[in-house]
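I set out to record, entry by entry, what I looked up in this structure. The notes are kept short and follow the order of my reading.

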Amino acid sequence: MVEIPYNVEARPDTGLYNAKLGIWLFLASEVMLFGALFSSYVLLRTGDPNFMTIPHEIAEHLGGHGESHVWSDQLNVPLAFLNTLVLIFSSVTMVMSWVSLKLEDFGKYKLWMGLTCLCALGFMVIKAIEYNAKFSHDLFPSSGNFLAIYFTMTGLHALHVIGGLIVNGYLWGPGAKMWKTEPERFTNRIEVAGLYWHFVDLVWIFLFPSLYLL
Amino acid sequence: MSVLETHPEDHEHVHHDESWLRKYVFSQDHKVIGIQYGFTALCFLLFGFLLMLMMRWQLAYPGQPIPIVGGILGADNAPGGIMLPEFYNQLGAMHGTIMVFLAIVPLAVGAFGNYVVPLQIGAPDMAFPKLNMMSYWVYATGGVVMFASFFVPGGAANSGWTSYPPLSVTATAGQSWWLLGMVLLITSSLLGSVNFIVTIFQLRVEGLTWMRLPFFVWAQLVTAFLLLLAFPPLEAAGFFQLMDRVLDTSFFMPSGLVVSGEVVRGAGGGSPLLWQHLFWFLAHPEVYVLILPAMGIVAEVIANNTRKPLWGYKSMVYASIFLGFMSFIVWAHHMFLTGMGTTISTFFQTTTMIISIPSVIILSALLLSLWGGSIRFNTPMLFALAFLPMFGIGGLTGLPLGFSATDIHLHDTYYVIGHFHYVVAPGTIFAMFAGVYYWFPKVTGRRMSDFLGKLHFWPSFVLMNCIFMPMFIQGLAGVSRRLYDGGMQYAHAQPVLHWNQFMSIAAFCLFFAQIPFVVNLFLSIKRGKECGDNPWQATTLEWAAAPSPPVAHGNFPQTPVVHRGPYEYSPPEHPKGFMPQHATVPASEEG
């Protein structure tokens, strides 16, 4: 194969190696994706006076849960707050795994990266519990546009978490072989995966207040 | 050469080790991927053209059986060979979708960008070869999904290439396939655009500073940014529409919507306008995705064949960057008549007038570049020259559409069709042809026949105008663009209906005018005249520093170092009349 320049070392005039520029561009496009989703949420919510109101027939059906007639009260704030903490913690462990490689401590890397993956798993489990609670009360995306937005945005975010989990899992497991052959390139990979992971974390930091609290 | 000669066995090794599959199918070489993109896109270009020919038959001879293909369309689409209105709608939606997303963008960016950009910047390949391969295969899958949608119950998408809800939400299953296909195409273009930007930023060779980049590279860079940032909102919109269709959400479905006398299910409360905003947020920048690479190709061909530097190279570069920025804030000029309000219309009308300025700068610079040149009228140059007035007509006829007052009369008529087809068909597609004729010797080491090229050019040039010019007449008379019988039912259309036959016959002739091109393309691969490495005596790196075809992996026998700008034609001190970007001259002459 051809040797591509600046695959590992930074190009002097841009100060970046290829993958790092690549991931920033990818994240720019992700900002546009989630930007469109958030804008649509704002537009739908301001455009429909009944956006947050639970219709009568559904409210009656909800029984004891139906005290309030506002959709967002149906969401589980404590669980979502816990999930916020889990994701923030996983961002810290992600940084620590990169730092460990910079300090050439591969054992510590395995530990921190493993923790990152566990946090991602934990996030998904909590998310699944939340989704399940909605489904068991017959609350689906078709119930109303607030829930539709909730499921679409948290669902797409969850897909991003799963994507990150797959990448991080690979870098923790089979992909970690690269540490022996090309340590610098491997460290770069962790940095790039980390940038993505922080972005996923950041999206949740916006999702949590705008869906659960507002 | 010395680098290669010291390790000849390394290079041999690469060649022999590659399986056929790795070399031609799942190749990671940007040149092979470029050819794959080019071939696939040309096939889709032909397919989209055939769809249009069936529509043109229906418009000229409504209710008469379609000759040749009428029998194979099936009873669901054309019983007895006579086209049903539903099938006409499928053809309309899919002609637009295929031409924009599967033919022209992949040809302009996937094929030309992929093949030429790394060569012009002196790079051994794209920055991420594997992503490049993935980008092609995701695109090909998207193409298959789109093509297959013709065969699902109810046929392909039939709500226009813009897929406006609520119509598209209540449409047949083909619409879901369309959305799935679009998600794949968006993914492909995302992978591609990241790759292009990183390649251009990171892999320029020593000495190739920003203002020494060939204009084509600049055009591709701006295009890549547009694709990167404009497509994701459509992806979001695609998810929403898919949810509306599959999970019965109401993102785009208003409350109490009545279709065929029945209230549509679902919670309601959605906004059909939201889709239009998200769609045009992509689709307007997409117009510049279609046109910028074309301008890039035309700039290369014109500089090369006038044998002089481009007039106003820097203005062209700044204009294209400005064009890129502005293209993000003009989208709602497609929505003047949606009831979004006159204040918003005024804003978007103003930005629309502003964005015409950079286009005019680029076009004027290209036109002025001809002044005082000793022009070589070869086939690529003919196509490039034809691009200028054709794009000019397309652009200028856009102004009345950009004013919200005049748009009231013109919107949704054949005038619109005439306008954007002048931009894209004799505009962009001519530039693509110019590119094929210009870079064919780079890919094969052989020239295409100039005689067949001219036999392709002149009829195409005349016929394109015969097809699209009458559309302005029909449109000004108020003929709607969406009528499957060409407007027979309408009194106001009667005086201009006779143009339908004229346009359709011109379209059928245009089909035959493409035969010399297809023959030329395939014959010249083996039989074309061998032409050496730099048949056009060009200055840019892809011609001057690499053999034709370039080295299989790595492109350049020796990594070039750039010393000057891209279009140093006819400098007086040089006997050959052109100065390649990487050539070295004795210090005494360099001053």
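The entries below go from one chain to the interface, then to the core, the salt bridges and the backbone.

**Entry 1. Status of the model**

I note at the outset that this is a predicted model.

**Entry 2. Chain A as a whole**

I looked up the secondary structure of chain A and found 7 helices and 0 strands. Read from the N terminus, the elements run α-α-α-α-α-α-α. The C-alpha trace of chain A spans about 65 × 35 × 25 Å along its principal axes. I then checked burial: of the 214 residues in chain A, 50% are buried. For contacts in chain A between residues at least 6 apart in sequence, I recorded that 71% join residues at least 24 apart. Chain A exposes about 9900 Å², and 69% of this is supplied by carbon and sulfur atoms.

**Entry 3. A nonpolar patch on chain A**

Which residues form a nonpolar patch on the surface? I listed A:Ile88, A:Val92, A:Met96, A:Leu202, A:Ile205 and A:Phe206, which together have about 500 Å² of accessible area. Helix H3 (77-102) and helix H7 (183-213) of chain A are the elements that give two or more residues to this patch. I looked at one member more closely: A:Met96 lies in helix H3 of chain A. A:Met96 counts as partly exposed because its relative accessibility is 31%, and partly exposed covers the range between 20% and 50%.

**Entry 4. The interface of chain B and chain A**

I next turned to the contacts between the chains. Here 41 residues of chain B are in contact with 36 residues of chain A. The area buried between chain B and chain A is about 3100 Å², with 74% given by carbon and sulfur atoms. On the chain B side, B:Gln202, B:Phe240 and B:Phe251 lose the most area to chain A, together 18% of what that side buries.

How many salt bridges does the rule find across the interface of chain B and chain A? I recorded 1 salt bridge there. A:Asp13 forms a salt bridge with B:Arg204, and their closest N and O atoms are 3.9 Å apart.

**Entry 5. The core and a buried threonine**

I looked up the largest nonpolar core, which has 260 residues; B:Phe215 and B:Phe387 touch the most other members. Leaving out residues up to four places away in sequence, the contacts of B:Phe215 include B:Met295, B:Leu310, B:Tyr313, B:Met316, B:Ile362 and B:Tyr567.

I also examined B:Thr379, which is in helix H12 (residues 379-396) of chain B. Is B:Thr379 buried or exposed? B:Thr379 is buried, because its relative accessible area is 1%. Not counting residues up to four places away in sequence, B:Thr379 touches B:Tyr437, B:Asp450, B:Gly453 and B:Lys454.

**Entry 6. Salt bridges**

A search of the whole structure gave 11 salt bridges over all chains. I followed several of them.

- A:Lys127 and A:Glu130 meet through their side chains in a salt bridge of 3.5 Å, N to O. The two are separated by about one helical turn, because they are 3 residues apart in helix H4 (residues 106-136) of chain A. Both A:Lys127 and A:Glu130 are buried.
- B:Lys31 and B:Asp29 meet in a salt bridge of 3.2 Å, N to O. B:Lys31 and B:Asp29 are buried as well.
- B:Asp412 and B:Arg482 meet in a salt bridge of 3.6 Å, N to O. This pair links distant parts of the chain, 70 residues apart: B:Asp412 is in the loop between helix H14 (404-410) and helix H15 (414-444) of chain B, and B:Arg482 is in the loop between helix H16 (450-476) and helix H17 (499-513) of chain B. B:Asp412 is partly exposed at 28% relative accessible area, and B:Arg482 is partly exposed at 46%.
- A:Arg11, A:Asp13 and B:Arg204 are joined into one network by salt bridges that share partners.

**Entry 7. Backbone geometry**

Most residues other than glycine have a negative phi, and most peptide bonds are trans. I therefore looked up departures from both patterns.

The peptide bond from B:Pro165 to B:Pro166 is cis, with omega near 0°. B:Pro166 lies in the loop between helix H6 (129-148) and helix H7 (174-202) of chain B. A cis peptide bond also joins B:Ser548 and B:Pro549, with omega about -5°. B:Pro549 is in the loop between helix H19 (541-544) and helix H20 (587-590) of chain B.

A:Tyr6 has a positive phi, near 60°. A:Tyr6 is in the segment before helix H1 (18-47) of chain A and is partly exposed, with a relative accessible area of 22%. B:Asp412, entered above for its salt bridge, has a phi near 60°.

How values were computed:
Residues are numbered from 1 along each chain as its sequence is written. Chains are lettered from A and ligands numbered from 1 in the order in which they are written. This is a predicted model: local features need pLDDT of at least 70, side-chain atom pairs count only at pLDDT 80 or more; totals for chains, interfaces and linings use all residues. Side-chain values use heavy atoms; hydrogens and water are left out. Patches are made of residues with over 30% relative accessible area and no salt bridge: like charges are joined within 9 Å, nonpolar side chains (Val, Leu, Ile, Met, Phe, Trp, Tyr) within 5 Å. Accessible areas come from the Shrake-Rupley method with a 1.4 Å probe; for residues, only the protein chains shown count as cover. A salt bridge is a side-chain nitrogen of Lys or Arg within 4 Å of a carboxyl oxygen of Asp or Glu. Helices (H or I, at least four residues) and strands (E, at least two) are DSSP runs, numbered from the N terminus. Buried means under 20% relative accessible area, exposed over 50%, partly exposed in between (1.4 Å probe, protein chains only). A nonpolar core is a set of buried Ala, Val, Leu, Ile, Met, Phe, Trp, Tyr and Cys residues joined through side-chain atoms within 4.5 Å. Contact means heavy atoms within 4.5 Å. Buried area is the accessible area (1.4 Å probe) that two parts lose on being put together, summed over both.
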